[in-house]
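Open the model in your viewer and keep the selection box ready. The stops below go from one chain to the other, with something to select at each.

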Amino acid sequence: MLVTYIEAIRQAMDEEMARDKNVMLLGEDVGILGGAFKASQGLQEKHGSDRVVDTPISESLIIGAGVGLAVQGMRPILEMQFIDFISCGFDQIVNSAATLRYRHGGQTACPIVIRGPSGGGVHGGLYHSQNPEAWFFHVPGLKIVAPATAYDAKGLMKSAIRDDDPVLYFEHKFLYRRIKEEIPQEEFLVPIGKAALRKEGRDLTVITYSSPVHAVVKAARDMASEVDIEVIDLRTLLPIDWGTIKASVRKTGKVLIVHEARLTGGIGGEIAARIGQECFEDLDGPVMRLAARDTHTPFAPAMEEYVLPNQDKITEAIRKLAAY
Amino acid sequence: MTEQKDRELYHWLRLIREFEDRVSHLDKQGKLMGGVYSGKGQEAVTVGFCHDLRWDDWIFPLHRDLGAYLVKGADPKRLMAQIFGKRDGFAKGKDSYLHGGDLSNGIFGATSCLGATLPVAAGMAYKFKMRKEDRVAVAFFGEGASSRGDVHEAMNFAGVHKLPVVFVCENNFYAYSTPNELQFGVDNVADRAAGYGFKGEIVSGNDLHAVLKASKKAIDRARKGEGPTLVECKTYRYHGHSEHDRADYREEEEVITWESRDPIQLWEVYLQRKKYDFAAIQAETTEKVKRIVEEALAFAEASPAPEGPEAMEDLYAMPIDTEAV
């Protein structure tokens, strides 16, 4: 069936709620309205207002309550209306949810999913464009996924809901209705912790995730006559699929990491460091990074374009690396 | 109340005091690592709120509520091992003191961000209500934590859904060193309940009779589906915030005044008035609580200390080896 990225998310939540009565959804305007982006449209009517809960504007409560529900065996999905607001629930994520199992010596699981629209490119301005994954990448006890396709959006959401650890699910709002794709009618899962090879190549590896996957694949195809590029879509950021990364680096010897989150302190730094340390003998050039410039994501179109990666910038970075 | 219950309550008051005094003593002897947060002087609050709870109810104790652990059913031996950071503690050594709950007895382990357990309690109470289980969540917090947003968010949500939760504020007049008048602009924390659409009550937290009465009312209300209650217990901690805090921000006269309203002494006066054989009760209780604490200590000391690599356990449901490929 042909679905959009956001419809894939909605379907996954719907199917999991139908499959398991312990799955529920809490968030601001997720019920009556069906979500600010309609990601939960129709779910309250179908599954009831006790399981699809319109909460007060209280992000810390939403996540904290999710922890309490999880201890009771529920599997709550916790929506941040915009992922930028996740900072209001930061303590409940890093100190309460991430340590729950650890500080109880393994007595309990913490099966919660925290999800919401991240990312820029839609003139959302400072508080509707953020990519906060690096804040959480540093926190043990969490898992992080960031799908780039409708297929992965659905399969990863289902895996996240069934996972016994807290999973941060960063969906990209630029992709919500811009991509449409055939996905199977029958049930499928996408495992957490496994990257996808979007294109095979021999000269150079680009490692990316979420929205930039599309620009990278397009750039790689457009440059096919110049350079044979391999594209890795990480899909899961924590834990990272190092096996796939290393196999590719051994083959190509050159790596560019692309993400929309800003450069300094971004996930690309960790990937680059580890490749440098563990694949040094395989490298034919410096591990390079292309990311958002080190500023906020501004509103005015020219500034936003200047700050975020795009296909032209990706092409330029690839040429620079290929020249080594 | 029956004589048996009166004696039981006395046992818990005395056990908590004995346990905490021993822990403070061990700390002074340098036998403990980490922070020790004595609740000495506040025993009537935890006994009063936990004694009549069911096994399948849940409590969310704060860092000073060692008594709540004991009364709710935690094994004193494992509790002592927890304080020693041993493998038999609830956190298996991963954190100390009251940061490892005993979930099998409905005791949730707190983080150090005070008040952060209240949203968790509200979420759990939501499940009790949704599934029509007549269970109750009791969440303790200090008057200092009442300034945190988590407390507001939790009470607001609990008010909206009339959740079966009891919010117990232990107002011991100092948040570390900060007095009430620098903590909030209202006279009482309980005054805020009106803003959430439920009842607030103020009780003398050193008077076990008063606490029992208030807790019964609040817990019954929650269990019957009539919603939350905020109960503010005015009480006092004899020690500093932690054992290293000399608490010289308080007047000695104030400490002496509160010591004259000691919750255990008040209960002893009551037992004497009831014409029970108090001398026998006291002797028997003293012998029993000392034995329990001795046994707990022996168990904790003999419990194995965790090995370094155990630091990597219990992070995820299935171990993730991020260092090897």
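Two strands count as paired here if DSSP finds at least two bridges between them. Keep that in mind for the sheet below. The model is predicted. It scores ipTM 0.96 and pTM 0.97.

**Stop 1: a strand pair in chain A**

Select Ile257(A). Its opposite number in β14(A) is Arg289(A). Now extend the selection to β13 of chain A, residues 255-262. This strand and β14(A) run parallel, joined over four bridges.

**Stop 2: the whole sheet**

Add the other strands. The sheet is open, has five strands and follows the order β9-β11-β10-β13-β14 in chain A. Its pairing is mixed. Which strands stand at the edges? They are β9 (196-199) and β14 (288-292) of chain A. Each has a single partner strand, so one side of each has no neighbour in the sheet. Look along the sheet for its twist, which averages 25° from one strand to the next.

**Stop 3: helices on the sheet**

Select α9 of chain A, residues 267-278. This helix packs on the sheet and touches β10 (204-208), β13 and β14 of chain A. Its direction makes about 160° with that of β13(A).

Next take α11 of chain A, residues 311-322. It lies across β10, β11 (229-233), β13 and β14 of chain A. Against β14(A), α11(A) runs at about 165°.

**Stop 4: a cis peptide**

Go to Leu238(A) and Pro239(A). The peptide bond joining them is cis, with omega about 0°. Pro239(A) sits in the loop between β12 (236-238) and α8 (242-252) of chain A.

**Stop 5: two domains of chain A**

Zoom out and colour chain A by domain. Domain 1 covers 2-182 and domain 2 covers 196-322. Their C-alpha centres are 26 Å apart. How many residues of each are in contact with the other? Domain 1 of chain A contributes 25 and domain 2 of chain A contributes 21.

Select the domain 1 side of this contact. Elements that each supply at least two residues there include α5 (133-137), β6 (143-145), α6 (150-162) and β7 (167-172) of chain A. By class, the residues on that side are 13 nonpolar, nine polar and three charged.

**Stop 6: across to chain B**

Show both chains. The contact involves 36 residues of chain B and 37 residues of chain A. On the chain B side, α5 (117-130) and α6 (149-161) are the elements that give two or more residues. The largest share comes from α5(B), with nine residues. Colour this side by class: 20 residues are nonpolar, nine polar and seven charged.

Then colour chain B by pLDDT. The mean is 96, and 98% of the residues reach 70 or more.

**Stop 7: a backbone oddity**

Select Lys162(B). It is not a glycine, yet its phi is positive, about 45°. Lys162(B) lies in the loop between α6 and β3 (165-171) of chain B.

**Stop 8: a helix pair in chain B**

Finish with α2 (residues 43-50) and α7 (residues 208-223) of chain B. They pack at about 35°, with their axes 8 Å apart. The crossing of α2(B) past α7(B) is right-handed.

Show the side chains. From α2(B), the contact uses Ala44(B), Val45(B), Val47(B), Gly48(B) and Phe49(B). From α7(B) come Leu208(B), Val211(B), Leu212(B) and Ser215(B). Is this contact rich or poor in charge? It has seven nonpolar and two polar residues, and no charged ones.

Notes
Residues numbered from 1 in each chain as written. Chains lettered and ligands numbered in written order. Predicted model: local features only at pLDDT ≥ 70, side-chain atom pairs only at ≥ 80, totals over all residues. Domains from an automatic or database assignment. Contact = placed C-beta atoms within 7 Å. Nonpolar A, V, L, I, M, F, W, Y, C, P; charged D, E, K, R; others polar. Axes fitted to C-alpha atoms, helices over the stretch in contact; angles between N-to-C directions. Left-handed = near helix turned anticlockwise from the far one by under 90°. pLDDT = per-residue confidence, 0-100.
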